[in-house]
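Please look over the two views that follow before reading on, since the explanation below moves from the place where the chains touch to individual elements within each of them.

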Amino acid sequence: MSVGDYIRSSQVWKSIFRHPAPRDRRNRVVVMLTNVFLHLHPVSVRKSGIALSYTWCMGGITFFLFLVETVTGVLLMFYYRPTLEHAYNDILLLRDVATLGVLRELHRWGAHAMVITIWLHMYRVFLTGSYKPPREFNWGVGVILLVLTLFLSFTGYLLPWDQLAIWAITVGSNMARAHPFVGHEGPGASLLQIGGVPLIHSGADARFLLLGARAVGENTLLRFYVLHCVAVPLAVALLIAVHFWRIRKDGGISGPL
Amino acid sequence: MSEPTNVTGTAPAASSKPAPPPKPAPPVKTPGKAGTERRIFLFAFFGALFGSWIAVAWTALTLSMLGMVLGTVRFLFPNVLSEPPSKVKAGFPDQYEEGKVVDRFKDQNFWVVRYQGIIYALSTTCTHLGCTPNWLEREEKFKCPCHGSGFKITGVNFEGPAPRPLERWGISIAEDGQLLVDKSKKFQKEMGQWDNPESYIKV
């Protein structure tokens with residue numbers, strides 16, 4: 001009996017892998033469907049699904065970059081503190097002192113690359129008409145994913161807490177105060193009042209909700225940190241699941257329209 | 001902490017004492033006539049109001065879900081803010097030279113300007129997108145580094161993308177004679193508010 005056979009007949013192995021490695025199509029199906037990680041992927045994919053000239057692979061690359069961002073992001077979280085006192089210096093320490101501190105740059109470059117690949121992916125989907133019925137809803141889900149990715153970029157941009165970050169977020173969030181009705185300097189805000197008491201003012205409008213204060217400060221840093229690291233990634237993960245599910249249910253990637 | 005009181009009232013059993021006798025089972029409550037009437041009334045009341053128990057359940061679920069969402073949104077609006085005080089003392093009026101802009105309070109979000117017989121406090125927030133302009137003495141203008149908005153010594157915009165003049169904060173004389181700048185009061189020229197005497201000090 002070879003070592004491999006011995007291991008594969010052991011109780012430890014058999015308790016983890018219930019079926020032998022696939023040797024024919026039916027086997028393959030049963031192995032895929034009984035494994036929580038493998039069943040996320042379809043059992044088999046059309047040949048056109050891996051043809052680069054058909055799909056550009058941009059959707060797949062975007063997902064890969066999302067995973068890269070998640071892993072690098074979690075690692076960065078071990079050395080970054082989202083407070084006024086520490087934020088800027090922690091980033092400097094990551095760059096100069098931490099081993100493989102280039103992770104911080106990888107995270108940043110990955111973010112830029114992800115936005116680019118998302119646009120290329122949307123462009124490809126448009127060119128191949130893969131937004132047409134029955135795939136219209138998935139296009140909508142994709143647009144929401146785009147907005148959430150841009151929001152991830154926006155919230156992440158503040159975290160180094162340098163001049164570029166503070167002013168970019170100040171300028172970006174100032175747009176929220178000019179929104180109709182929900183911004184305190186926007187049209188219609190004065191209409192929302194109860195008995196003369198304004199409901200929308202500098203301490204209670206969309207911009208205040210976003211920043212957690214009336215100007216970019218400590219509250220904003222913490223708020224953006226939580227949004228960037230927890231809340232929005234969870235929402236994105238959920239929508240990615242819907243997005244992939246829809247592709248499979250509509251006939252798999254790179255199928256005929 | 002004092003000894004916890006023994007709610008049942010029975011004495012704590014010592015190891016030598018025999019086990020206390022088992023207590024009789026509590027009497028089963030059967031609904032008396034009043035209970036049956038109450039049940040009929042509740043049934044009729046809610047039945048009439050909702051049509052069925054399922055409707056009650058759905059209503060309860062919807063209301064509680066709505067309550068939780070609204071509660072979450074309200075939770076996200078902080079009630080306590082740590083901001084610097086809005087009223088700032090800015091020295092005596094005689095300390096300010098005619099035709100000059102003072103940068104001393106730039107970190108506190110205002111310039112003190114004495115020009116053409118009045119002293120006023122200009123907000124350091126560019127009216128374009130919120131950056132902080134710089135006072136350029138030689139060129140006699142405020143110039144915003146972000147997108148190039150330019151303002152005259154009066155605060156009036158004359159170049160760049162700024163759509164309106166810089167804002168003035170409320171200014172008055174405190175009891176000790178010093179200038180008192182009140183950043184909770186804003187005066188905008190384009191709304192005609194610079195005629196308001198609270199926006200300047202005559203000297």
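How many residues of chain B are in contact with chain A, and how many residues of chain A are in contact with them? In this predicted model, the contact involves nine residues of chain B and 11 residues of chain A. On the side of chain B that touches chain A, seven of the residues are nonpolar, while one is polar and one is charged.

Chain B itself is built from two helices and 11 strands, and along its sequence the two helices come before the strands. Of the 203 residues in chain B, 18% are buried. When the contacts of this chain with a separation of 6 or more are considered, 40% of them are made by residues 24 or more positions apart.

Within chain B, strand β3, which spans residues 110-115, is a useful element to follow, as five of its six residues are buried and the strand is therefore mostly covered, a residue counting as buried when 20 or more other C-beta atoms lie within 10 Å of its own. On one hand, β3(B) runs antiparallel to strand β2 (residues 100-102) of chain B, to which three bridges join it, and here B:K100 has B:R114 as its bridge partner. On the other hand, β3(B) pairs with strand β4 (residues 118-123) of chain B, again in the antiparallel sense, over six bridges, with B:Y115 bridged to B:I118. The strands β3(B) and β4(B) form a hairpin that leaves two residues between them, and B:Q116, which lies in the turn, has a positive phi of about 50°.

Turning to chain A, helix α7 covers residues 102-127, and its 26 residues reach 37 Å from the first C-alpha to the last, which is close to the 38 Å expected at 1.5 Å a residue. The buried residues of α7(A) are A:R104, A:G110, A:A111, A:M114, A:T117, A:I118 and A:H121. An α-helix has 3.6 residues a turn, so residues three or four places apart point the same way. The buried residues of α7(A) pack against three other helices of chain A, namely α5 (58-77), α6 (87-96) and α8 (136-158). After the helix comes A:G129, whose phi is positive, near 65°.

Elsewhere in chain A, is A:I7, a residue of helix α1 (residues 3-8), buried or exposed? A:I7 counts as exposed because it has 10 C-beta neighbours inside 10 Å. Between A:I7 and A:T220 there are 54 Å in space, C-alpha to C-alpha, and the two are 213 residues apart in sequence.

Methods
Residues numbered from 1 in each chain as written. Chains lettered and ligands numbered in written order. Predicted model: local features only at pLDDT ≥ 70, side-chain atom pairs only at ≥ 80, totals over all residues. Helix = DSSP H or I, 4+ residues; strand = E, 2+ residues; numbered from the N terminus. Expected span 1.5 Å × (residues − 1). Buried ≥ 20, exposed ≤ 12 C-beta atoms within 10 Å, placed from the backbone. Contact = placed C-beta atoms within 7 Å. Nonpolar A, V, L, I, M, F, W, Y, C, P; charged D, E, K, R; others polar. Pairing = 2+ DSSP bridges.
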